[in-house]
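Notebook open, viewer open. I want to go through this one piece by piece and jot down what I find.

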Amino acid sequence: RRSGIEGKVLLSFTVLENGIIEDVRVVSSSGHKIMDESAKGAAVETRIDRKMSHRVAVRLPVTYKLQY
């Protein structure tokens, strides 16, 4: 918070039929490695509870914005 770092990361990943997320990539960097890695790590740890009949390709913007 003290450093005032804000930014937007664009992720790309695939959600498999069983809800597991794979192939997580940073498509567009925030310009701050710590934010990019944090967003990527959160996506990797996420599991979708709902089963799907096919794989789904996802592009997800993640915005880091400080609020005082």
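Which residue in β2 is the bridge partner of Leu-11? I looked it up, and the partner is Val-26. Before going on, a reminder to myself that this is a predicted model.

**Entry: the sheet**

I widened the view from that one bridge to the strands. β1 covers residues 7-15 and pairs with β2 in the antiparallel sense, over 5 bridges. The whole sheet is open and has 3 strands, which I noted in the order β2-β1-β3 with antiparallel pairing. That puts β2 (21-28) and β3 (56-64) at the edges, each pairing on one side only. I also wrote down the turn between neighbouring strands, which is 25° on average, direction ignored. As a general note, strands of a sheet pair through backbone hydrogen bonds.

**Entry: the helix**

Next I checked what α1 does. This helix, residues 33-45, packs on the sheet and touches β1, β2 and β3. Its direction makes about 30° with that of β1.

**Entry: the core**

Which residues make up the largest nonpolar core? I count off 10 residues: Val-9, Leu-11, Phe-13, Val-15, Ile-21, Val-24, Met-35, Ala-39, Ala-43 and Val-62. β1, β2 and α1 each supply at least two of them. The largest share, 4 residues, comes from β1.

I picked Val-9 from that list for a closer look. Leaving aside neighbours within four places in sequence, Val-9 is in contact with residues including Val-26, Met-35, Ala-39, Leu-60 and Val-62. Ser-30 is also among the contacts of Val-9, so I went there next.

**Entry: Ser-30**

Ser-30 is found in the loop between β2 and α1. Is Ser-30 buried or exposed? Its relative accessibility is 15%, and the cut-off for buried is under 20%, so Ser-30 counts as buried.

What does the side chain of Ser-30 reach? I found the backbone nitrogen of His-32 at 3.0 Å. The Ser-30 side chain also makes a polar contact with the side chain of Asp-36, at 2.9 Å. Beyond neighbours within four places in sequence, the contacts of Ser-30 are Gly-7, Lys-8, Val-9, Met-35 and Asp-36.

**Entry: an odd phi**

Last thing I looked up was Asp-23, found in strand β2. Its phi is near 55°, a positive value in a residue other than glycine. I flagged it because most residues other than glycine have a negative phi.

Technical notes. Residues are numbered from 1 along each chain as its sequence is written. This is a predicted model: local features need pLDDT of at least 70, side-chain atom pairs count only at pLDDT 80 or more; totals for chains, interfaces and linings use all residues. Side-chain values use heavy atoms; hydrogens and water are left out. Two strands pair if DSSP finds at least two bridges between them. Helices (H or I, at least four residues) and strands (E, at least two) are DSSP runs, numbered from the N terminus. Axes are lines fitted to C-alpha atoms, for helices over the stretch in contact, and angles run from 0 to 180 degrees between N-to-C directions. Contact means heavy atoms within 4.5 Å. Buried means under 20% relative accessible area, exposed over 50%, partly exposed in between (1.4 Å probe, protein chains only). A polar contact is a pair of N or O atoms within 3.5 Å; within protein, one must be able to donate a hydrogen and the other to accept it, and residues adjacent in sequence count only if both atoms are side-chain atoms. A nonpolar core is a set of buried Ala, Val, Leu, Ile, Met, Phe, Trp, Tyr and Cys residues joined through side-chain atoms within 4.5 Å.
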